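Biologist: Hi! Could you walk me through the empty spaces and the helix packing in this one?

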Amino acid sequence: MREELVKRIAASSPDSRGDALTSSIETDLVHLGRAPARYAGAINIPPHRTSTVAFDTVRELEAAKRARFEKGTVFYGRFGGPDIFAFEDAVAALEGADSAVAVPSGLAACILPVAAFARTGDHILVVDNVYEPARTSLTEYFAGNGVEISYFDPLVGEEIDALIRPSTKLIYLESPGSFTFEVMDIPAICEVARKRGVITVCDNTWATPLYYQPLRHGVDIVVHAGTKYIIGHSDAMLGIVAARDEHAQALKRAANWLGYHASPDNVYLAARGLRTLALRMAAHQANGLALATYLAGRPEIARVLHPALPGCPGHAIWKRDFFGSSGLFSVVLRTTEKANAERFVEGLNLFGLGFSWGGFESLVLIGDPAHSRTATPWREEGIVVRFHAGLENLSDLVSDVEQSLEAHLST
Ligand SMILES: *Cc1c(COP(=O)(O)O)cnc(C)c1O
């Protein structure tokens, strides 16, 4: 199985480090967070739907209340149950963290570390290509409540040192950015942050723990939209935040202050998603690379932004740090007319038009990086189109893209 996966990854991407996958990650994905002996033989832990937890004695109830933030304590539904704890521990193990907390959505995961660690008067540094709704939460909510926010170039390395102020509490990273795909020099940034006593947070949704493990590169806290590849079927929402003991308690307490509760049904779907993650990712990777390579050879395309292909900012860093690539990438069209891009995406038959990604199906979206950045001007003139390569047959996907390019973009 591992050899098979490694071969598939190597075949689909000569540059990827499939050979560097930790030896047992596929086995971990299948076995972590399951306990058939404790659940009447059920292979996956059934969803544990509960609000009230009933105790036999006042002493037990009071002991549970005192221990409510400790790992594994069942106290009240909002604090989680055995199914949620098992999923959290599985993700923590995959990320090399000590513990994790499941939250209601990916966006809830993005903002939890900020809620946990930033106070009025603190400053946080945020990468300029950050997931746009996270940027909106930071500017509309946190900045409005006295947290100072500044944005920085995704291609910064140790020069981040000059941007750190005495009040800087946290650096928020996302690598690669999920619309423009710059790959960040996370180890260089984290080394500086550690010296300056600043907490680092990294959104790892694009790569999943299979292809990148930020904590092993110096990051303190990793966040995921489980909604994407982990759930993998576009039918539920979930977020997850993983960290070492040093930060775990504060995150768990902040999740409680905010009233977060991850639905046991969604956690069940996420735990089930882990079982097939390695196979799905290998297939998304292969289709994504092939589609991006095809597009790179088309005259209607000015530029392809795919971390595993040369020409993507940070490609060398991707090669150094990542084990593989997912199915999400962008292209810059030659056309600067939005109407042409609209006709092209609407002319696709197999690519759904909508937000999110990471499910089994192919998707497409028109982006607007020029208007979502403030620290680094976007210099490309052509319209940016983002693709998610799903699990369909590759030649069907290529033919579909070809027919719409020829019908709507070729001159
Ligand atoms: C989708 C996404 C999120 C947010 O996840 P939701 O579950 O939709 O709230 C966060 N970060 C990245 C990179 C994403 O793509």
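Biologist: Which helix gives the largest share of the lining of the second largest pocket, and how many residues is that?

Modeller: That is helix 9, with five residues. One caution first: this is a predicted model, where local features need pLDDT of at least 70 and side-chain atom pairs count only at pLDDT 80 or more, while totals for chains, interfaces and linings use all residues. Residues are numbered from 1 along each chain as its sequence is written, and side-chain values use heavy atoms, without hydrogens and water.

Biologist: What counts as a pocket, and what as a cavity?

Modeller: On a 1 Å grid over the protein atoms alone, a cavity is a set of points where a 1.4 Å probe fits but cannot get out; a pocket is an open set with protein on both sides within 12 Å along at least five of seven lines, and lining residues have an atom within 4 Å of a point. Helices (H or I, at least four residues) and strands (E, at least two) are DSSP runs, numbered from the N terminus.

Biologist: OK. What volume does that second largest pocket have?

Modeller: The second largest pocket has about 280 Å³ (the space filled by probe spheres set on the grid points, joined across faces, edges and corners). It has 18 lining residues, and Lys71, Ser99, Ala100, Ala248 and Lys252 are the closest to its centre.

Biologist: Which elements supply at least two residues each there?

Modeller: Helix 4, strand 1, strand 7 (239-243) and helix 9 each do so. The lining of the second largest pocket divides into nine nonpolar, three polar and six charged residues. Here Ala, Val, Leu, Ile, Met, Phe, Trp, Tyr, Cys and Pro count as nonpolar, Asp, Glu, Lys and Arg as charged, and the others, Gly among them, as polar.

Biologist: And the largest pocket, how much space is in that?

Modeller: The largest pocket holds about 820 Å³. It is lined by 43 residues, with Glu132, Pro133, Phe179, Leu365 and Arg386 closest to its centre. Helix 5 (106-117), helix 6 (132-142), strand 11 (363-367) and strand 12 (384-388) each put at least two residues into the lining of the largest pocket. By class, that lining has 19 nonpolar, twelve polar and twelve charged residues.

Biologist: Switching to cavities: how many of 30 Å³ or more are there?

Modeller: The count is four cavities of 30 Å³ or more. The largest cavity contains about 170 Å³ of space. Its lining has 15 residues, and Arg78, Phe79, Val101, Lys252 and Tyr260 lie nearest the centre. Helix 4 (82-95), strand 1 (99-103) and helix 9 (245-257) are the elements that give two or more residues to this lining.

Biologist: Which of those helices gives most to the largest cavity?

Modeller: Helix 9 again has the largest share, three residues. By class, the largest cavity's lining has eight nonpolar, three polar and four charged residues.

Biologist: What about the second largest cavity, what lines it?

Modeller: Its volume is about 50 Å³, and the residues lining the second largest cavity include Gly33, Asn44, Asp83, Phe87, Tyr268 and Arg275. Helix 10 (264-296) contributes the most to this lining, four residues.

Biologist: Helix 4 and helix 10 then: at what angle do they pack?

Modeller: Helix 4 and helix 10 pack at about 40°, with axes 9 Å apart. That makes helix 4 oblique to helix 10. Axes are lines fitted to C-alpha atoms, for helices over the stretch in contact, and angles run from 0 to 180 degrees between N-to-C directions; under 35 is roughly parallel, over 145 roughly antiparallel, 65 to 115 roughly perpendicular and the rest oblique.

Biologist: Which residues make the contact between helix 4 and helix 10?

Modeller: Asp83, Ile84, Phe87, Ala90 and Leu94 come from helix 4, and Pro264, Val267, Ala270, Ala271 and Leu274 from helix 10 (contact means heavy atoms within 4.5 Å). That contact has nine nonpolar, no polar and one charged residues.

Biologist: How does helix 10 sit against helix 13, parallel or perpendicular?

Modeller: Helix 10 and helix 13 (residues 394-408) pack at about 30°, with their axes 10 Å apart, and are therefore roughly parallel to each other. The residues in contact include Asn287 and Tyr294 of helix 10 and Leu397 and Glu402 of helix 13. Nine residues of the contact of helix 10 with helix 13 are nonpolar, one is polar and one charged.

Biologist: Last one: what angle do helix 5 and helix 9 make?

Modeller: About 100°, with the axes of helix 5 and helix 9 being 9 Å apart. That makes helix 5 roughly perpendicular to helix 9. Their contact includes Leu112, Pro113 and Phe117 of helix 5, along with His247, Leu251 and Trp257 of helix 9. By class, the contact of helix 5 with helix 9 has ten nonpolar, one polar and no charged residues.
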